[in-house]
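Take a look at the model below. This report walks through a few of its parts.

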Amino acid sequence: MYNLYIDENPLGINLDAALEFMSEQRRKQVLAFRHERGRKLSAAAYMLLCKALKEVYGINEPPLFEYSEHGKPSIVGHPEIYFNISHCRSVAGCVVSSCPVGIDVEEVREYKDSLARYVLNEDEYSMVSSSRQPAREFIRLWTMKESYLKLTGEGITRDLKTVLADTASTCHFESQDLGNAIITVCTVYN
């Protein structure tokens, strides 16, 4: 079981107000982005996490993060809370749970066969190439792979063709088509 939060207008965030609320740690991370777009997207994803923590766990303070070896964040003082955030150019997402969880959101963009051949195994490539909407099918598979890698905390450190090969019996994926983007949440079976 998880709680999913989506902002389909993350660029509409009041950046100054968000920066005022954030922890100093996150403020520095947000301000490290060169362009306002990146700052707003990062801030919007963090603010979704703050909303989730308040609504689901009653936590009102801005969270501080600690990071695993590969950079997966966790909340200082709350090892029982698992979360993940993601954003693309038009959507920000956050998922919180009492179990390991990963999320990815990507805009649906022009399908590139060369990229599909590079990151998909034969079965996945066949599924995409025979789809009536190959761009959407490709992005759905891509978000599944990334959400799994974010769940495990390993990031993109191995051949992407192998990422989903052994997940059928251990992980559950739920994807939502938001029109301009696809968001996928990966959880582990209990």
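Which residue just after H3 takes a positive phi? The answer is Gly58, with a phi of about 70 degrees. Keep in mind that this is a predicted model.

## Helix H3

H3 covers residues 36-57. Check its length with simple arithmetic. At 1.5 Å a residue, its 22 residues should span 32 Å. The C-alpha atoms at its ends are 31 Å apart, which agrees.

## The largest nonpolar core

In soluble globular proteins, nonpolar side chains tend to be buried together. Here, the largest nonpolar core holds 25 residues. Five of them touch the most other members: Met22, Ala43, Leu49, Phe83 and Cys94. Four elements give two or more residues each: helix H1 (15-21), helix H3, strand S4 (82-87) and strand S5 (92-97). H3 supplies the largest share, nine residues.

Another core lies apart from this one. That second core has 20 residues, including Tyr125, Met144, Leu151 and Phe173.

## Strand S5 and its partners

S5 pairs with S4 in the antiparallel sense, over six bridges. The two strands form a hairpin, with four residues between them. Two pairs show how the strands line up. Ile85 has Cys94 as its bridge partner in S5, and Asn84 stands opposite Val95.

S5 also pairs with strand S1, residues 2-7. Six bridges join S1 and S5, and they run antiparallel. In this pairing, Asp7 has Ala92 as its bridge partner.

## How enclosed is S5?

Is S5 buried or exposed? Six of its six residues are buried, so the strand is largely enclosed by the rest of the structure. Both faces are covered. On one side, Ala92, Cys94 and Val96 are buried. On the other side, so are Gly93, Val95 and Ser97.

## A closer look at Cys94

Cys94 ties several of these threads together. This residue is among the core members with the most contacts to other members, and it is buried on one side of S5. What does Cys94 touch, leaving out residues up to four places away in sequence? The list is Asn3, Leu4, Tyr5, Ala45, Leu48, Leu49, Ala52, Asn84, Ile85 and Ile103. Ile85, on that list, is also the bridge partner of Cys94. Leu49, another contact of Cys94, is itself one of the core residues that touch the most other members.

Methods. Residues are numbered from 1 along each chain as its sequence is written. This is a predicted model: local features need pLDDT of at least 70, side-chain atom pairs count only at pLDDT 80 or more; totals for chains, interfaces and linings use all residues. Side-chain values use heavy atoms; hydrogens and water are left out. A nonpolar core is a set of buried Ala, Val, Leu, Ile, Met, Phe, Trp, Tyr and Cys residues joined through side-chain atoms within 4.5 Å. Buried means under 20% relative accessible area, exposed over 50%, partly exposed in between (1.4 Å probe, protein chains only). Contact means heavy atoms within 4.5 Å. Two strands pair if DSSP finds at least two bridges between them. The expected span of a helix is 1.5 Å times one less than its number of residues.
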